[in-house]
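Dear colleague,

Here is the structure we talked about handing over. My notes on it follow below.

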Amino acid sequence: MRIGPLLRIVGTSLRRNLAVTLAVIVTVTICLTLFGAGLLLRAQVRTVNGFLLDRIQVVIDLTDNASDAERDTLAADLRADPLVQSVVYEDKAHAFARFRRDFRNSPDVVSGVNANDLPASLRLTLTDPRQAGEIINDYTGRDGVDRVRDQRALLAPLYRFLDAFTVGAFVLAAVQAFSMVALIYTMIRISAYGRRQETAIMRLVGGTNRTIRAPFVLESAIMGMVGGTLAAAALIVGKVYLVDHRFARQTAFPLFGWDAVWAAVVTVFLIGTTASAGMAAVALRRHLRI
Amino acid sequence: MIRMTSVTKRYPAAARPALDDVSVEIAAGEFTFLVGPSGSGKSTFLRLLLREERPTAGVVEVGGRDVTRIPNRRVALLRQQVGCVFQDYRLLPDRTVAGNVAFALEVTGRPRHVTRTVVPEVLDLVGLAGKADRYPDELSGGEQQRVVVARAFAGRPQVLLADEPTGNLDPATGLEIMRLLDTVNRTGTTVVMATHNASLVDAMRRRVIELRNGTVVRDQARGVYGLVF
């Protein structure tokens with residue numbers, strides 16, 4: 001069938017079932033926006049992770065009575081360790097200076113601490129930050145070592161927070177996906193019934209299965225495309241107005257970039273189109289006699 | 001053009017077969033009436049030719065091909081060669097006369113220039129050239145049936161099947177449709193028409209195949225509706 005007559009059939013059907021068409025588009029849009037938001041939250045986790053992996057180190061706090069020899073031996077062992085990329089010694093004075101800088105907005109905290117309260121430390125950059133556990137096991141309890149800290153562990157609550165939002169977005173998207181599937185299924189059933197005379201004629205004059213099904217599948221795909229486009233627009237608007245203009249001023253962490261947004265936009269558009277068309281094809285097998 | 005060899009068709013819930021060991025041959029270009037009382041098997045006969053049904057036993061050939069063996073995906077091609085006209089007009093109410101005829105060509109993927117040429121030709125053939133832009137509800141029953149004939153003939157099928165095409169029409173209009181089918185037949189198209197209309201059959205004096213209880217009880221060249229001794 002030529003594209004012109006095919007689009008005419010599709011256009012007529014979409015107009016005839018306008019209320020159902022709009023319901024499907026709204027559901028698809030909400031579902032895909034939530035799904036896209038879930039993808040962007042995952043991208044945010046990756047962005048924060050990459051940022052922290054570059055900066056957060058494993059810190060070995062030294063005991064106050066650690067000798068220079070113990071410290072040098074420890075540093076030499078660390079430099080020889082293949083898991084360790086670099087080792088920097090930070091004495092009590094430097095530790096106190098950094099503390100004062102980090103908490104400059106909290107003078108009450110700074111006033112209650114002096115240089116002797118903070119330990120000297122060896123700050124490590126690892127070749128693979130995910131192997132911090134091995135370093136902790138290997139160096140905890142060594143002479144002159146008070147404790148070994150993986151700074152990334154401090155950020156576990158942040159990761160839990162982001163993970164919870166990601167899971168929440170995906171769960172809501174799944175619930176909406178169920179609504180979307182049910183709506184498309186119902187729409188095809190109604191549409192196949194409403195167009196039974198048209199399809200009967202198509203069959204009688206020698207229309208192929210593909211020709212008879214094509215308007216239904218295309219109709220559903222168009223709804224998916226429109227829903228996908230609206231969801232993509234919502235993600236872009238969210239990036240511009242929420243992420244770049246609002247969140248960027250409220251956090252010290254880097255936020256996901258446009259590459260993640262474009263990837264999510266393409267994904268929701270493709271999923272919207274193919275899932276809608278696929279669902280229509282499945283429903284037709286049950287509700288359209290060929 | 002059409003050959004049925006020892007064809008039997010049983011429906012699951014029926015006590016007796018709809019067709020019982022029927023063997024018939026219809027030559028290309030022939031006009032054949034299929035007569036008999038309701039339930040005699042006329043519609044089943046036509047449905048088998050369209051591959052709407054498969055026979056329980058026997059072979060059904062159209063244009064030299066055994067239609068019972070055609071794979072499902074090729075049935076559409078068979079139906080492009082076998083046009084059909086029914087008692088109920090089955091026109092699309094939201095399309096004009098020309099649109100309804102064009103629909104058959106669009107569905108089978110004919111190019112636009114073919115549609116533009118063929119639609120006026122067939123509307124002229126069926127006498128509706130001046131009503132191409134009318135909608136079905138603006139036409140009389142006879143005119144609607146003419147549109148159906150035009151739609152069935154637009155794809156130039158080798159065979160045209162008509163199942164009670166005059167059943168809803170008054171005698172005069174029925175005769176017009178009959179003449180129209182005769183015109184189609186004169187173009188070389190094989191026509192098989194199931195009917196209860198005795199006067200039309202008697203007036204045409206064409207081949208008559210009479211079915212009763214699923215069997216052929218009469219096959220007569222230049223026959224009439226009721227048996228003449």
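The crossing of α7(A) and α10(A) is right-handed. This is a predicted model, and the helices concerned are α7 (residues 156–194) and α10 (residues 258–287), both of chain A. Their axes are 9 Å apart and the packing angle is about 50°. Since that angle falls neither under 35 degrees, nor over 145, nor in the range 65 to 115, the two helices count as oblique.

On the α7(A) side, the contact is made by Met180(A), Val181(A), Ile184(A), Tyr185(A), Ile188(A), Arg189(A) and Ala192(A). Their counterparts in α10(A) include Ala275(A), Met279(A), Ala283(A), Arg286(A) and His287(A). By type, the residues of this contact divide into 11 nonpolar, two polar and two charged.

Helix α7 of chain A also takes part in an aromatic pair. A search over all chains gave four such pairs. In one of them, the ring centres of Phe35(A) and Phe170(A) are 5.6 Å apart and the planes stand at 50°, so the pair is tilted. Phe35(A) sits in helix α2 (residues 18–55) and Phe170(A) in α7, so that the pair links parts of the chain 135 residues apart. Phe35(A) has a relative accessible area of 23% and is partly exposed; Phe170(A), at 25%, is also partly exposed.

In chain B, Thr173(B) belongs to helix α6 (residues 171–186). Thr173(B) counts as buried because its relative accessibility is 14%, under the 20% cut-off. Between Thr173(B) and Arg134(B) there are 19 Å, C-alpha to C-alpha, at a sequence separation of 39 residues.

Regards

Conventions:
Residues are numbered from 1 along each chain as its sequence is written. Chains are lettered from A and ligands numbered from 1 in the order in which they are written. This is a predicted model: local features need pLDDT of at least 70, side-chain atom pairs count only at pLDDT 80 or more; totals for chains, interfaces and linings use all residues. Side-chain values use heavy atoms; hydrogens and water are left out. Axes are lines fitted to C-alpha atoms, for helices over the stretch in contact, and angles run from 0 to 180 degrees between N-to-C directions. Helices (H or I, at least four residues) and strands (E, at least two) are DSSP runs, numbered from the N terminus. A crossing is left-handed if the near helix is turned anticlockwise from the far one by less than a right angle, and right-handed if clockwise. Contact means heavy atoms within 4.5 Å. Ala, Val, Leu, Ile, Met, Phe, Trp, Tyr, Cys and Pro count as nonpolar, Asp, Glu, Lys and Arg as charged, and the others, Gly among them, as polar. Buried means under 20% relative accessible area, exposed over 50%, partly exposed in between (1.4 Å probe, protein chains only). Rings of Phe, Tyr and Trp (its six-membered ring) pair if their centres lie within 6.5 Å; planes under 30 degrees apart count as stacked, over 60 as edge-to-face and the rest as tilted.
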